[in-house]
Amino acid sequence: MEYSPLVLVVEDDPPIRRFIVAGLTSQGYRVVDVDCAKSALSHAASHVPDVIILDLGLPDRDGIEVIRELREWTRPPIIVVSARGQERTKVNALDAGADDYLTKPFGVAELLARVRVALRHLARMSNGNLETGEFRVGGLVVDLNSHTVTLDGTRVHLTPTEYRMVMVLVRNAGKVVTHQMLLSEVWGPGLTDETQYVRVFMANLRRKLEPDPARPRLLLTEVGVGYRLMDE
Amino acid sequence: MLSLGTTVEAGDLLSRLPRNVRRSAVLLLSLGAATGLALLFRHAGITESSIVLLYLLSVVIASVMTDRATGIGASLIAVVLFNFLFTEPRFTFVVSDPQYLVTFPVMLTVAVISSELTARIRRQAKEAEHRELLTNHLYESSRSLLGARGQEDVLRAAVGHLSGLTDRPVLCIVDDGPASLRFYGIDGFTHDERLVLPVREVLGQPDAGRAVLVNVGDTSFVLAPVVARGRTLAVIAVDTAADGLPQATSEPIRALAVQLALALDREEMSRREQNARIEVERERLRSDLLQSISHDLRSPLAAIVGSASTLVSEQTLSAVTRDDLACSIRDDARWLTGLVENLLSLTRAEERAVRFRGSVEVFDDVLAAALRRVERIHETHQVAVDVADEPVLVRMDCGLIEQLIINLLENVIQHTPAGTAVRLSIDRQGHDVVLVVEDDGPGLSEAALTHAFERFYTERLIPDSRRGMGLGLAICRSIAEAHSGTIAVSNGPGGGARFEVRLPVEPAVDPHGPRGEGF
């Protein structure tokens with residue numbers, strides 16, 4: 001029998017927990033669900049989950065703290081769940097070591113897509129990094145050997161900075177990348193308040209990679225948080 | 001002309017000397033000159049009465065140039081000199097002629113009285129000058145206190161004038177919440193922890209009448225209460241610099257305290273009035289909202305409850321029906337979610353209007369994100385987007401601007417038939433970014449053009465369209481205004497609706513990035 005990944009669901013609201021569990025089990029995932037930070041930490045240690053879905057509004061502890069504590073000893077992808085309008089919290093969670101987020105209310109399709117991305121990353125991390133070969137999504141092909149980018153067969157001319165940004169996005173394909181992450185990976189550490197540059201460079205990059213600004217398909221803006229390069 | 005110049009110079013020189021030296025110099029010069037002239041008179045055979053007058057003149061000159069005490073001193077010396085030098089037997093203090101027993105006392109009395117009078121005139125002139133200065137100061141301070149807007153400005157102006165008037169370290173202190181005082185000062189002296197307790201005590205008295213003197217460390221402060229209509233609004237603290245506070249200084253403090261009281265009272269009244277207005281407005285909004293909510297939330301909730309309970313209790317439904325019911329639950333819940341988002345935006349926009357920070361975002365990023373949240377517009381409408389060549393930066397609360405764009409798009413969906421073309425464009429015009437959302441639908445009626453941005457104004461143009469609360473566009477306006485922007489609606493040349501949002505842009509960043517493009 002094929003290995004089915006284990007997802008740890010940490011959510012204190014029973015109806016939401018129920019629907020997450022139902023959505024995941026119907027897709028063949030094994031699920032462990034808990035309703036507080038304390039059991040989340042103990043189950044993370046005893047069950048060794050492949051993915052953790054963590055609600056940030058837990059009754060017993062601050063979600064960001066839980067992420068920090070988990071990240072001290074374990075690496076499985078963490079997907080945080082939070083309400084809209086809490087962009088600051090999401091960014092803090094991501095910068096504290098979370099991998100992705102879901103905004104309430106979300107549908108089951110969105111939930112499953114995030115889990116798939118998380119599992120793909122897990123697989124990629126254990127297979128060694130993605131610095132060679134090519135990345136394909138939609139009509140976009142990024143050739144990591146020749147450092148070229150083509151869109152629907154046409155070569156896209158990128159500046160060195162834009163190419164470095166594409167590389168960061170490709171390495172994190174499917175996941176959200178915060179402004180801060182892009183800033184430090186592309187321009188190096190030590191810059192903290194210049195995220196405007198990231199925004200302007202990304203806007204220019206999107207003009208090159210998204211032919212129809214009315215319907216962005218590949219490079220999505222997560223307002224107030226960062227960017228996401230789609231991978232499916 | 002030359003002699004006048006010399007006199008002025010001599011006067012200047014005199015006034016620059018220390019006080020005692022100056023007095024002696026004046027005495028010496030005036031009496032010396034009188035004596036010299038008198039000796040000449042005597043030689044010329046002019047009578048003694050002229051010499052007496054000459055001495056009296058020198059006494060008057062001395063008292064004009066110095067003070068009362070010196071004037072009296074000059075009077076005595078003049079009499080003694082006259083006796084010694086000019087009365088027989090000369091060069092003795094002995095008097096042979098009994099008529100001098102009348103001359104000396106009269107001469108002395110006249111000298112003393114004239115020096116006394118001169119001193120009094122001088123003093124009065126000085127006081128008048130001081131008064132004029134004070135009046136000018138108070139005129140200036142009342143003008144600037146009247147011109148100041150807001151409690152903080154008023155207190156800053158008051159501190160400035162007080163420090164100019166008294167030439168001492170001063171503070172103005174007001175109550176700032178239950179457990180803290182706010183200090184206003186200038187020139188680096190802006191706080192003194194030792195004053196907290198005594199000031200609190202003065203502020204605590206409902207009608208603190210007189211100023212009190214408190215000793216702190218090696219100096220003492222005068223604490224003058226600022227009282228308006230039986231309430232102590234603030235305290236003025238003046239450092240007495242250990243020498244006490246002369247009358248000349250405490251008077252202007254009292255006068256300024258009165259002006260300050262009036263200004264602070266006026267500020268507080270206008271603040272209260274404004275709060276009351278805001279409160280009334282909020283109250284009205286709240287009751288309008290409640291009314292709308294109770295009316296408009298009931299039907300989707302009823303639909304959800306109905307569909308869900310049907311799914312639970314009826315086991316024999318066809319797959320198609322079950323699907324239908326589930327989809328309607330999902331759609332109603334989504335609609336309710338949108339409504340909640342909008343209500344939250346409204347409160348947030350109102351808060352923002354007071355205190356706006358936000359982050360700097362690329363405008364078309366936010367437009368793209370908003371479009372993604374109204375994906376379904378592509379199913380019914382033809383959407384075209386035209387973004388500016390250069391990314392435009394705007395300081396914003398991105399959640400709110402996203403909501404603004406969503407509401408404009410929802411408005412298009414709600415009020416135009418399927419197949420309508422929608423064009424969105426972002427353009428930079430001077431210091432503004434202009435977002436235009438225009439469609440080739442039926443446009444707005446006269447009434448709708450006037451009332452479109454009013455709360456709870458709704459107009460159903462498309463039969464069977466989704467229900468609306470008439471909040472979407474009102475929220476758009478609140479959001480635009482919270483960003484110091486504007487929103488306007490008109491019917492475009494083709495007859496369709498044309499919404500135009502203007503927001504101030506942020507200066508562009510260096511196109512080469514924080515460390516240059518090719519670092």
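The exercises below, each with a worked solution, treat helix packing and backbone geometry in a predicted model. In this model local features need pLDDT of at least 70 and side-chain atom pairs count only at pLDDT 80 or more, while totals for chains, interfaces and linings use all residues. Residues are numbered from 1 along each chain as its sequence is written, and chains are lettered from A in the order in which they are written.

**Exercise 1.** Determine how α4 and α5 of chain B are oriented relative to each other.

*Solution.* Helices here are DSSP runs of H or I with at least four residues, numbered from the N terminus. Helix α4 (residues 68-86) of chain B packs on helix α5 (residues 100-147) of chain B at an angle of about 160 degrees, with the axes 9 Å apart; axes are lines fitted to C-alpha atoms over the stretch in contact, and angles run from 0 to 180 degrees between N-to-C directions. That makes α4(B) roughly antiparallel to α5(B), a class that takes angles over 145 degrees, whereas under 35 counts as roughly parallel, 65 to 115 as roughly perpendicular and the rest as oblique.

**Exercise 2.** Classify the packing of α11 against α13 in chain B, and describe the residues of their contact.

*Solution.* The axes of α11 (residues 363-373) of chain B and α13 (residues 398-415) of chain B come within 9 Å and cross at roughly 55 degrees. That makes α11(B) oblique to α13(B). The contact (C-beta atoms, placed from the backbone, within 7 Å) involves residues including B:V366 and B:R373 of α11(B) and B:I401 and B:E402 of α13(B). By class, the residues of this contact divide into nine nonpolar, no polar and two charged, where Ala, Val, Leu, Ile, Met, Phe, Trp, Tyr, Cys and Pro count as nonpolar, Asp, Glu, Lys and Arg as charged, and the others, Gly among them, as polar.

**Exercise 3.** Describe the backbone of B:P89 and B:F91, and decide whether B:F91 is buried or exposed.

*Solution.* B:P89 lies in the loop between α4 and α5 of chain B, and the peptide bond that leads to B:P89 from B:E88 is cis, with omega near -10 degrees. B:F91 is found in the loop between α4 and α5 of chain B, and its phi is near 60 degrees, a positive value in a residue other than glycine. Because B:F91 has 7 C-beta neighbours inside 10 Å, it counts as exposed, given that 12 or fewer such neighbours mean exposed, 20 or more buried, and values in between partly exposed.

Notes
Helices (H or I, at least four residues) and strands (E, at least two) are DSSP runs, numbered from the N terminus. Two residues are in contact if their C-beta atoms, placed from the backbone, lie within 7 Å.
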